[in-house]
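Q: I have a model open here and want to go through it piece by piece. Can you take my questions as they come?

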Number of protein chains: 2
Amino acid sequence: MADKIAIVGLGLIGGSIGLALDAARKRDKHLTIEIVGHDRDPEVANKAKRMGAIDRAEWNLLSAVERAAMVIIATPVLAVRTVLEQITPALAPGATVTDTASTKAEVLRWAAELLPDTVTFVGGHPMAGKELPGIEHAEATLFQGAVYCLCPALNAEQSRVETMAAFVEVLGARPYFVDPHEHDGLVAGISHLPMVIAAALVSATTADPAWREMRKLAASGYRDTTRLASGEPQMNLDICLTNRGPLVSWIDRYIDELQRYRQLIAEGEAASEQLAREFLRVQTERDRWAYGKRDDEGSERIERISFTQLLMGDRFARLTDYLRRSERK
Amino acid sequence: MADKIAIVGLGLIGGSIGLALDAARKRDKHLTIEIVGHDRDPEVANKAKRMGAIDRAEWNLLSAVERAAMVIIATPVLAVRTVLEQITPALAPGATVTDTASTKAEVLRWAAELLPDTVTFVGGHPMAGKELPGIEHAEATLFQGAVYCLCPALNAEQSRVETMAAFVEVLGARPYFVDPHEHDGLVAGISHLPMVIAAALVSATTADPAWREMRKLAASGYRDTTRLASGEPQMNLDICLTNRGPLVSWIDRYIDELQRYRQLIAEGEAASEQLAREFLRVQTERDRWAYGKRDDEGSERIERISFTQLLMGDRFARLTDYLRRSERK
């Protein structure tokens, strides 16, 4: 008999998991699974069914998780708690329960508090997303090549943890085991801070009296920098509520960094050498991350800039010549 | 005889203008132009020639602009001044001179100071870009549908201003006439501030001791928010030096906005209603800008949230239900 996998919450992530599982079993006939989906909104569940993300929709949450070998809770963080509370009586002994929420320390605390010892909880967080949320943007390849964080509960059964790692690989992602508190600290900087940055940029610019004109000139740079402001408000709110400490600390450090740039910019010509080095450094660091440039190239460029070119004073020659000879070619 | 168009500076923008002009004359045989390119780096000019962005490369700047009906200076801002100084003796009477730099007030000041009365200067700024700079990323369609700011000099000849508008349309862009100081104020908010935001995010995160782990988890959200940090350092430096006042003022306002979010996040549960409204508002505003959503839908959503759902206290139902019924379907 096919193993039952229940997906609770059929948004972008839950829907994409369903589509990825469906694609996997089409590739590999040995993967005999039944994918059952539940969503509070029957229209969303119907859509997931029509898209092939689930084999059938189950209106009743308890029926959805009953006899499931694996239960995947793909809702915003705070809803995970509610779902855990509700499904507990219906969980099959030996089931593996996981979630996909953006913060993990609170989720692991709830799982320890609410779930019976007969099931194993392994928190999950796929590091993948898209501009627009919702089942209509779900796709089977969303997790392809992505890092997928896994935080097993302290009492997790080893074999179930291995099941979760295999599940992640079936989705096309790479398992990354991490302590839940460490996870929350890391994602505060590279995911939650960028979300707040995007939100503040949208609220600051759109509140300006000149926005009516600014909006016409805003192009791809504004589009990319504000992308995370188009995320689900409930998801973003829950992130703030469950990752408050690390996020506030990152915002404080980020404001300090902005103040530093503001100072350099306000100083004008006098600070231009230092500002040039900053822009060159962030370009090098960002390209190194995004395109895997070799580390020594970057540092060599910065050295050459600082000790020779910046003293020459010929603006047209300065950075550009050096950059042109760099790895961009 | 074909009109000569000279492009000085063959990076992403100069190269894309050449490619777009070439595509335009292939579409319309009546457009008889010769595209001559100059770049300080002979390798770049050769590459532009091989890519078909220019008909021929001219190593000597003065020879490049001699007898040209139109001269397009596509360098970072401060280099525009140097080029204007150098080309003045070689400009043909009646020529139209333009640039593509990111700030306009200083450029118009230099043009008034340096150019003879026999030529017309119309500053330009195409609101289009790409993640990576350089001739190798140039493409004919870069300006398709983009807004293209035009700032005619005070003494500009009307017929030449019309030529510039036609030129912009040939590139596939839409001319947008604007006062140079107003231009600089507008782009400070939607283009230069986002660039500083991206740079500060990269420098704050990559300097963290945990970056070695963070970099593995960083995904598309981080990639998009930091995109502008991969821009040309010289271009970014010049922007800061020539648009200092408006940019510093925007950074200050942005820091205030971040402080406001920081406060709400630090307050936790107590401020969650207000924070929810913020995230909903920025999602609505950003989607309205990016996807042209109708204004009334957004405000209606905010109203409904604030007066009914937020009082109910059922987190799982709260925002999500309302969002699901919204225009995202």
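Q: Start at the rotation axis. Which residue of chain B comes closest to it?
A: Thr225(B) does, with its C-alpha at 2.1 Å from the axis. Keep in mind that this is a predicted model.

Q: What turn and shift lay chain B on chain A?
A: A turn of 180 degrees with a shift of 0.0 Å along the axis, and the RMSD is then 0.0 Å. The two copies are therefore related as by a two-fold rotation axis.

Q: How many residues does each chain put into the contact?
A: Chain B puts in 99 residues and chain A 98.

Q: And which helix gives the most on the chain B side?
A: Helix α7 of chain B, residues 180-206, gives the most to the side that touches chain A, namely 19 residues.

Q: What is that side made of, by class?
A: On the side of chain B that touches chain A there are 53 nonpolar, 21 polar and 25 charged residues.

Q: Do the copies meet through the same surface or different ones?
A: The same surface, because 99% of the interface residues of chain B are also interface residues in chain A.

Q: OK, on to the fold. How many helices and strands in chain A?
A: Chain A has 14 helices and eight strands.

Q: What is the strand order in the sheet?
A: The eight strands of chain A form an open sheet, ordered β3-β2-β1-β4-β5-β6-β7-β8, and the pairing is mixed. At the edges are β3 (56-57) and β8 (174-177) of chain A, each of which pairs on one side only.

Q: What does helix α1 of chain A touch in the sheet?
A: Helix α1(A), residues 12-27, packs on the sheet and touches β1 (3-8), β2, β4 (70-73) and β6 (120-126) of chain A. Its direction makes about 165 degrees with that of β2(A).

Q: Back to β3(A). In what sense does it pair with β2(A), parallel or antiparallel?
A: Parallel: β2(A), residues 33-38, pairs with β3(A) over two bridges. Ala57(A) in β3(A) is the bridge partner of Gly37(A).

Q: What stands opposite Gly37(A) in the β1(A) and β2(A) pairing?
A: Ile7(A) stands opposite Gly37(A), which is in β2(A). β1(A) and β2(A) pair in the parallel sense, over six bridges. Between these two strands the chain crosses through α1(A), and the β-α-β crossover is right-handed.

Q: How many bridges join β1(A) and β4(A)?
A: Four, again with parallel pairing. Within this pairing, Ala6(A) stands opposite Val71(A) of β4(A).

Q: Why call β1(A) largely enclosed?
A: Because five of the six residues of β1(A) are buried, the strand is largely enclosed by the rest of the structure.

Q: What share of chain A is buried overall?
A: Of the 329 residues in chain A, 54% are buried.

Q: How about sequence separation in the contacts of chain A?
A: Taking contacts between residues at least 6 apart in sequence, 73% join residues at least 24 apart.

Q: Change of topic: backbone angles. What is phi of Arg67(A)?
A: It is near 60 degrees, a positive value in a residue other than glycine. Arg67(A) is found in the loop between α3 (61-65) and β4 of chain A.

Q: Why does Arg67(A) count as partly exposed?
A: Arg67(A) has 15 C-beta neighbours inside 10 Å, so it counts as partly exposed. The buried class starts at 20 or more, and the exposed class takes 12 or fewer.

Q: And where does Arg67(B) lie?
A: In the loop between α3 (61-65) and β4 (70-73) of chain B. Phi of Arg67(B) is near 60 degrees, and with 15 C-beta neighbours inside 10 Å the residue counts as partly exposed.

Q: Last one, the chain B sheet. What is its strand order?
A: Its eight strands form an open sheet ordered β3-β2-β1-β4-β5-β6-β7-β8, with mixed pairing. The edge strands of chain B are β3 (56-57) and β8 (174-177). In this sheet β2(B), residues 33-38, pairs with β3(B) in the parallel sense over two bridges, and Val36(B) stands opposite Arg56(B) of β3(B).

Note on methods. Residues are numbered from 1 along each chain as its sequence is written. Chains are lettered from A and ligands numbered from 1 in the order in which they are written. This is a predicted model: local features need pLDDT of at least 70, side-chain atom pairs count only at pLDDT 80 or more; totals for chains, interfaces and linings use all residues. Two strands pair if DSSP finds at least two bridges between them. Two residues are in contact if their C-beta atoms, placed from the backbone, lie within 7 Å. Axes are lines fitted to C-alpha atoms, for helices over the stretch in contact, and angles run from 0 to 180 degrees between N-to-C directions. Copies are superposed by least squares on the C-alpha atoms of residues with pLDDT of at least 70 in both. A crossover is right-handed if, with the strands pointing away from the viewer, the path from the first strand over the helix to the second runs clockwise. Ala, Val, Leu, Ile, Met, Phe, Trp, Tyr, Cys and Pro count as nonpolar, Asp, Glu, Lys and Arg as charged, and the others, Gly among them, as polar.
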